[in-house]
Every structure is written in C-alpha cells, then in structure tokens.
Amino acid sequence: MNWYHEVNKDWLEARLNYITATEIAKLVPAYKRSLKLEEGAIAPEFAALWAEKVSSQELDTVSYGAAARGHVMEWYAVESWNAKREDKLYHWDDAIITKGIVGFSPDAMNESQVDDSVEFVARDHEIRSTSVNYPQPKYIMEVKAYEPAHHMKCLVKDKMEQDELVQIAVAFYVLDYLEEAHLCFYCPSAPISMKVFSYTRDDLEVEIELVSNIVERYRETVKQCNELSSDLVSIFTEKEIYDAMIEEVELNRKDNVFGF
C-alpha cells in the first residue's frame, strides 16, 4: 500500500517554536549522558535540536509509508474507541497545545477541535486558541499505528514498560488539570487490532519529573547556544549556493547537447 498524508504547514512552523513531546522522548538517552558532563558543558544532541529549530529550512508537509500510515490511522482508531465506549473522544489534527517552551499535539481529547487554529495555549483551567475558548480537557489519547509485528510486541508488554511513557508524560506536564491519558495501539490488519492502556498522573510521576528536567536542560542549552559566536561567517546563503549549482548543471547539460 502506498500511504500518503499531508499536514498543515502552519502547524509545522508552530512546532519549531517549542520542544515537542516527540523530541523530548528522543532526548532521554542524551539527557542521561549529559548528567556526566562537566558543569556548563553543552550536550551535543540538545544543541542539534536547537539548530534544527532556528535554521532556515524548507518544511516538508508530505509524508509517505509508515509515517503517513500512522497519521491516517488516527481518526479510525478514535472512531473505533467511540463505538465501544461511552466516554467519547474527539480526533485532533494539526494542532499543538503549549505551555512555556513545551508543546504536544494530541491525537484525541474529550473536547472537540472546533476551529482551524494550529496553536493553543494551556491556561490554569482551559486551553485557548486565538478565536475560541475551550473548557479544560480531562482525557487525551495518543494513537500508535504500528505494523502487525511491532503492534503485537506492544500489546503483550506491561503498561509501565511501554516506550511511549515519556511522550504521554508531556501531556500531563503541559495540562495541569489532565486526569487520564490513554495510549492506544491500533492495527486493523493484526489478529488483535486494538488495545488501550490508561495512565493517571500518579502512574507517570517519575516520567513527568524527567520531562521537567529535560525541558530545563533544553532551556539552558538555548541560552548557551544563543551566546555562542564565531569570527567566521558564510557570505553566501544556502539558496544562493543551490541556485548556482542548478545554473551550472543546466549549462553543462546544454554544452553536452550541442557538443561545445
């Protein structure tokens, strides 16, 4: 199957302003290594993330394969939940909920996404977009749509051994009033197509503290990187170099055609 999905470019741009749940989860090994660094040293992986966010770049809104499949499956997972459960959830797409420098993109919540804003700010008792106020969401769902083999591995794991716990913990970090988070494994082609593990704030107390520590480390890294300087600087932009390369390729092609 040739899976395809396209996201909102404004959402991708908004994510550059925050350290996201996915990024925090990926930084866990780097954070643990950073505890052994000398005081004031910059963790390379944290600096790399900062560079990705502040560098000029073309954002790719289209995904294929496994990444696209995961996005497409989210709505169907939520509808499958709603078909069996009375506590209805609503699918969210291309939206980031933020607190400070941290943001996460929910797959579903018990409050509907009623406008097309891409960025929502968490307050004490609600989340707000630029145009609509939302009551406080009490429940969220994170959907993981893996291929059958990996899907089955997740189903038989203990709920406290899942790889996604830190990512789930970010939602609790951002939403102080969140009561429960559901981790949904969804694979329609698997013999057991769906299973959900649920977590309270107390369940993820250790992971939430870890998230807080990673956020503080990243905050300090941003400050340190902004203070770095060099006496050398490129006198060309990347676009200028690319355009020059294309021009040279075109000239060479013409030369080959005409035999000059």
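Of the 260 residues in the chain, 40% count as buried. The model is a predicted one. It contains nine helices and 13 strands, and its C-alpha atoms fill a box of roughly 75 × 50 × 40 Å along the principal axes.

**Whole chain**

- The chain exposes about 15500 Å², and carbon and sulfur atoms supply 52% of that area.
- Among contacts in the chain with a separation of 6 or more, 67% are between residues 24 or more positions apart.

**Six-stranded sheet**

- Six strands form an open sheet in the order 2-6-5-8-9-10, and the pairing in this sheet is mixed.
- Its edges are strand 2 (19–20) and strand 10 (133–135), each of which pairs on one side only.
- Within this order, strand 5 and strand 6 stand next to each other; strand 5 covers residues 96–99 and strand 6 covers residues 102–104.
- Strands 5 and 6 are antiparallel and are joined by three bridges.
- One residue pair across strands 5 and 6 is Thr98 with its bridge partner Gly103, the latter in strand 6.

**Strand 11 and its partners**

- Strand 11 spans residues 139–144 and is mostly covered, with five of its six residues buried.
- Strand 7 (residues 108–109) pairs with strand 11 in the antiparallel sense, over two bridges.
- Met109 has Ile140 of strand 11 as its bridge partner.
- Strand 12 (residues 180–186) runs parallel to strand 11, and six bridges join the two.
- Glu142 has Leu183 of strand 12 as its bridge partner.
- Strand 11 thus appears in two pairings of opposite sense: antiparallel with strand 7 and parallel with strand 12.

**Val7**

- Val7 sits in the loop that runs between strand 1 (4–6) and helix 1 (9–15).
- Val7 has a relative accessible area of 12%, so it is classed as buried, the cut-off being under 20%.
- Leaving aside residues up to four places away in sequence, Val7 touches Leu12, Thr61 and Asp94.
- Of these contacts, Leu12 lies within the range given for helix 1 (9–15).
- Val7 and Val28 are 21 residues apart in sequence, and their C-alpha atoms are 27 Å apart in space.

**Ser63**

- Ser63 belongs to strand 3, which covers residues 62–64.
- The relative accessibility of Ser63 is 17%; because this is under 20%, Ser63 counts as buried.
- With residues up to four places away in sequence left out, Ser63 touches Trp3, Tyr4, His5, Ala68 and His71.
- Two of the residues that Ser63 touches, Tyr4 and His5, fall in the range of strand 1 (4–6).

**Second largest pocket**

- The second largest pocket has a volume of about 210 Å³.
- Its lining is made up of Ser56, Gln57, Glu58, Thr237, Glu238, Lys239 and Tyr242.
- By class, this lining has three charged, three polar and one nonpolar residue.
- The charged residues in the lining are Glu58, Glu238 and Lys239, the polar ones are Ser56, Gln57 and Thr237, and the nonpolar one is Tyr242.

How values were computed: Residues numbered from 1 in each chain as written. Predicted model: local features only at pLDDT ≥ 70, side-chain atom pairs only at ≥ 80, totals over all residues. Heavy atoms only, no water. 1 Å grid on protein atoms, 1.4 Å probe; cavity = no way out; pocket = protein on both sides within 12 Å on 5 of 7 lines; lining within 4 Å. Points joined across faces, edges and corners; volume = space filled by probe spheres on them. Helix = DSSP H or I, 4+ residues; strand = E, 2+ residues; numbered from the N terminus. Buried < 20%, exposed > 50% of the residue type's maximum accessible area, 1.4 Å probe, protein only. Contact = heavy atoms within 4.5 Å. Areas by Shrake-Rupley, 256 points an atom, 1.4 Å probe, with all protein chains shown as cover. Pairing = 2+ DSSP bridges.
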